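This report introduces a protein structure to a reader who has not met it before. The sequence and the three-dimensional structure are shown below.

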Amino acid sequence: MSRTMSAWRRESYGPAVGMTLEHIAVPVPRRGEVLLRVRATALNAGDVRLMLGDPLLVRPVFGLTRPKHPVRGMEVSGTVVAVGPDVVGAEIGEDVVGELVGGGGLAEYVRVPASRLVPIPPDVSPEAAACLPIAGGTAWQALDLAGVGLAPGTVSRVLVIGASGGVGTFTVQLAALRGAEVWASCGSRNAPLLERLGAVRTFDHRESPLSDLPSERFDAVIDVAGGMPLRELQRLVVPSGHVVLVTGDGGRVLGPVPRMLRAAVLSLGSRRIRPLAAKPRPEVLAKLLELVADGRVVPVIDRAYPFAEASAALAQLEAGHTVGKVVVNAP
Ligand SMILES: NC(=O)c1ccc[n+]([C@@H]2O[C@H](COP(=O)([O-])OP(=O)(O)OC[C@H]3O[C@@H](n4cnc5c(N)ncnc54)[C@H](OP(=O)(O)O)[C@@H]3O)[C@@H](O)[C@H]2O)c1
């Protein structure tokens, strides 16, 4: 194996146009880690936030003046090519998928804690697998937090706002699989897609404002888009219902924090508003892989880029309007 590899890096915070393809040392797996030969990396809104260092709140953790980790990409599938000390169960040659905290996926190789990884079933492609850890995992955890499909015999009425993006397309599919009646807010060009994924009704957020929807129409509202007044979201759910805030939108400095504090105050009575901080959950990832292998969930891939065009992939995400996921295939 070569000792150097290609990796897309950006040493300072800023837009995708400043990413450069460089040759750097292949990482060595540490205790509990394996080294993956990357097969595919899926990108997320979170990659754009870390690339831009926006909101400023992320910088004390991810690098005060420049990113501690200059390689983006947090959802990765790959083949195990080396195993560090004290790793149990991982085998050289195994195809696996998992979440990288902070980044590292836009490179030929990456080291990952073995405990984060899940084997990819033979019927699932590396591209499809790479879409699951964050986007699929966040959708799953949002529905759990809202209690959708958790009580046997009940049909939840669920509204997904921002349904056409990476998280939204999984949320619609998983809510429908849990037996919910799903309404989806998305651009009209994406309505047929969302209906195929399981939404019984769609409406364009630009033409039909949420204020047109009847009060107490839903058991759960999953807000992946942000920007709507919290009271307006709260009005849409029944008194025992939940609003789950998935998006991390907010101001340039504190990001979602002020909105989360307002949500806590407004949730003192009924109609709870619950901000979600999704975590890596390998057991959920394993269930998602099973659903994809069975054809019950289909990762929607807007575009798969070759490795040489990874900065264009990040630029697409930065521009917004992605439908489903953007994936970068390994060289
Ligand atoms: N809480 C957590 O732990 C967690 C985890 C993962 C992601 N997130 C957050 O979740 C958000 C979404 O992530 P993502 O990866 O799904 O983003 P994404 O793929 O970039 O979402 C883009 C999509 O959102 C749609 N959209 C934008 N504004 C909308 C609105 N007002 N109403 C309806 N649709 C709208 C766009 O449709 P149009 O083209 O029609 O505008 C586009 O299809 C981000 O803020 C991300 O940071 C949070």
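The sections below take up the domains, the ligand, several strands and two helix residues.

## Model and domains

The structure is a predicted model. According to the domain assignment, the protein has a domain 1, made of residues 4-131 + 299-329, and a domain 2, made of residues 135-275. Domain 1 is thus given in two stretches of sequence, and domain 2 in one. Between the C-alpha centres of domain 1 and domain 2 there is a distance of 28 Å.

The two domains touch: 11 residues of domain 1 are in contact with 15 residues of domain 2. On the side of domain 1 that touches domain 2, six residues are nonpolar, three are polar and two are charged.

## The surroundings of the ligand

A shell of 32 residues surrounds the ligand, and the closest of them are Gly165, Gly166, Gly187, Ala278 and His321. Three elements give two or more residues each to this shell: α1 (45-52), α4 (132-146) and α5 (166-177). By class, the shell holds 14 nonpolar residues, 17 polar residues and one charged residue.

Where does the ligand lie with respect to domain 1 and domain 2? Both domain 1 (4-131 + 299-329) and domain 2 (135-275) give residues to the shell, so the ligand lies between them.

## Strand β15 and its partners

Strand β15 spans residues 325-329 and is mostly covered, with four of its five residues buried. Strand β3 (residues 33-43) is joined to β15 by four bridges, and these two strands run antiparallel. Within this pairing, Ala42 has Val327 of β15 as its bridge partner.

Strand β14 (residues 301-305) is also joined to β15 by four bridges, but here the strands run parallel. Arg303 stands opposite Val326 of β15. Together with helix α10, the strands β14 and β15 make a right-handed β-α-β unit.

## Leu314 in helix α10

Helix α10 covers residues 310-319 and contains Leu314. Is Leu314 buried or exposed? Leu314 counts as buried because it has 26 C-beta neighbours inside 10 Å, where 20 or more are required.

Leaving aside residues up to four places away in sequence, Leu314 touches Ala16, Met19, Leu43, Asp47, Val48, Met51 and Arg72. For one of these, Ala16, the separation from Leu314 is 298 residues in sequence, while the C-alpha to C-alpha distance is 5.8 Å.

## A second β-α-β unit

Strand β9 (residues 181-185) pairs with strand β10 (residues 199-203) in the parallel sense, over four bridges. In this pairing, Thr202 of β10 is the bridge partner of Ala184. The strands β9 and β10 make a right-handed β-α-β unit with helix α6 (residues 191-197).

## Glu290 in helix α9

Glu290 lies in helix α9, which covers residues 282-293. Glu290 counts as partly exposed because it has 13 C-beta neighbours inside 10 Å; a residue is exposed at 12 or fewer and buried at 20 or more. Glu290 and Ile120 stand 170 residues apart in sequence, and their C-alpha to C-alpha distance in space is 9.1 Å.

Conventions
Residues are numbered from 1 along each chain as its sequence is written. This is a predicted model: local features need pLDDT of at least 70, side-chain atom pairs count only at pLDDT 80 or more; totals for chains, interfaces and linings use all residues. Domain bounds come from an automatic or database domain assignment. Two residues are in contact if their C-beta atoms, placed from the backbone, lie within 7 Å. Ala, Val, Leu, Ile, Met, Phe, Trp, Tyr, Cys and Pro count as nonpolar, Asp, Glu, Lys and Arg as charged, and the others, Gly among them, as polar. A residue is near a molecule or strand if its C-beta atom, placed from the backbone, lies within 6 Å of it. Two strands pair if DSSP finds at least two bridges between them. A crossover is right-handed if, with the strands pointing away from the viewer, the path from the first strand over the helix to the second runs clockwise.
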